[in-house]
Amino acid sequence: MSATTYPDYSPGLQGVIGGLTSVSKITVEESRLEYRGYNVHDLASKGSFEETAYLLIKGKLPTQSELDEFNAALDAERAIPSQVIDALRACAPGTHQMDMLKVGYSVLSGFDPDYNQEDPTDHEANVRKAIRITAKAATIATAAYRIANGKDPIAPKAGLKTAANFLYMLHGEEQDDYTVLVMDAALTLYAEHTYNASTFACRVCVATLSDLYSGIVTGIGTLKGPLHGGANEEAMAMLMEIGSPENAEAWLRDALATKKKIMGFGHREYKVGDGRAIYLTEVAKEIGRRKGNTNWGDIADIMEKIMREEKNIYPNVDFPAAYAFYLLGIPIELYTPIFVIARVTGWSAHAIEQLDDNRLIRPSCIYTGELGLEYSAIETRG
Ligand SMILES: CC(C)(COP(=O)(O)OP(=O)(O)OC[C@H]1O[C@@H](n2cnc3c(N)ncnc32)[C@H](O)[C@@H]1OP(=O)(O)O)[C@@H](O)C(=O)NCCC(=O)NCCS
């Protein structure tokens, strides 16, 4: 259905303004992303994921004592009820990790002390829920992964922040400071991104006066797809298929000739580069140098150059994230769940913003079917 036939219709809602927000802003011409006015590059390189989570959920950067209190609240909330673990164990073998996350949050919702919150727009209750949702994300994700791989979940360790705790619960031992730093930066960069598909879906859900957990489950389901969060896993699969820098050019030219979408490239909003990718590319290449493995970074250099020259398309955050995570030894099926661990903060911030000034979201559509058909008895239909 083309825009020429229907001038009021924008396929994929491209360019359509879906709402007002003070959570984040993309400045396309400068490839800049700001969370509540702060450049995400500064938050990732100088701040921490927890400061970012506070900023998104509470609306301002914390003072040291506010951050200490926030960290203590997250620490106290990281554990998940045994019923959530039982539900994860009940999933069929081979269940997608993102589907297990949906199960985890669905079961968790009824255990939230604010579950029976009378007013779904109660700001303070929603903030309390957002903190619990944020605290438990890494615990659910690592439990789901370990259960799917025949291992027992590992309980969170008191005092470790989100990135360090995620790595601890995944591997069973604490990781080195640089690994934690890279994971913290990736979580910060993945935390929020304006009206992307999963955030919009989350807002649509809570705008019916459903609840925050339903909004999160909606967000997870929407993020699962390869055109959105699933792209980081697909990008790594592609890099592995290419294998080495010598194969990169021929592989890519062939893929472009056959009109394949190159995973980890392109973006609906950014047309001259994704600022998050620029920073994460530096980090990912540095990990490669530190680990003595520049293979993926070298393939990336060739692909980035050809994509820029041939298509004027730049990598998005999922491209460097893919090989950064790989170099850190993170299993590929956890790449999109890592996105969730970060993005629950952005989804929560948007859900709270939506509920603070709510209006049901219900767009119109153009009917393209027939009208006025005559109903006939079933035995007379050909
Ligand atoms: C993200 C994405 C869905 C945005 O798509 P969009 O705004 O709808 O843009 P379109 O898919 O309409 O693409 C516009 C043009 O660029 C091309 N293009 C866009 N992304 C491309 C990619 N990754 N590889 C090859 N070509 C691409 C399209 O083929 C199209 O070319 P055409 O006009 O000759 O047909 C798209 O870039 C994509 O599929 N990327 C790969 C998946 C991915 O990395 N997603 C994570 C996003 S953070």
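**Ligand site and overall fold**

In this predicted model, a polar backbone atom of Gly-264 lies 2.8 Å from an oxygen atom of the ligand. Taken on its own, the ligand has 860 Å² of accessible area, of which the protein covers 67%.

Two further backbone approaches involve nitrogen on the ligand side. For Ile-262, a backbone N or O atom is 2.7 Å from a ligand nitrogen atom. For Leu-227, a backbone N or O atom is found 3.3 Å from a nitrogen atom of the ligand.

The surroundings of the ligand comprise 19 residues, and those that come nearest are Lys-261, Ile-262, Gly-264, Phe-265 and Arg-268. Ile-262 and Gly-264 thus appear among the nearest residues; a backbone atom of Ile-262 pairs with a ligand nitrogen atom at 2.7 Å, and one of Gly-264 with a ligand oxygen atom at 2.8 Å. By residue class, the shell consists of eight nonpolar, six charged and five polar residues.

The description now turns to the protein as a whole. Its secondary structure amounts to 16 helices and three strands. The protein is as compact as a globular protein of its length, because its radius of gyration, 22 Å, is close to the 21 Å that the globule rule gives for 382 residues. The C-alpha trace spans about 70 × 60 × 45 Å along its principal axes.

Of the 382 residues in the protein, 50% are buried. Where contacts join residues at least 6 apart in sequence, 74% of them link residues at least 24 apart. The exposed area of the protein is about 18,000 Å², and carbon and sulfur atoms supply 51% of that area.

Technical notes: Residues numbered from 1 in each chain as written. Predicted model: local features only at pLDDT ≥ 70, side-chain atom pairs only at ≥ 80, totals over all residues. Heavy atoms only, no water. Near = heavy atom within 4 Å. Polar contact = N/O pair within 3.5 Å; in protein donor to acceptor, adjacent residues only side chain to side chain. Areas by Shrake-Rupley, 256 points an atom, 1.4 Å probe, with all protein chains shown as cover. Nonpolar A, V, L, I, M, F, W, Y, C, P; charged D, E, K, R; others polar. Helix = DSSP H or I, 4+ residues; strand = E, 2+ residues; numbered from the N terminus. Rg over C-alpha atoms; globule rule 2.2 N^0.38 Å. Buried < 20%, exposed > 50% of the residue type's maximum accessible area, 1.4 Å probe, protein only. Contact = heavy atoms within 4.5 Å.
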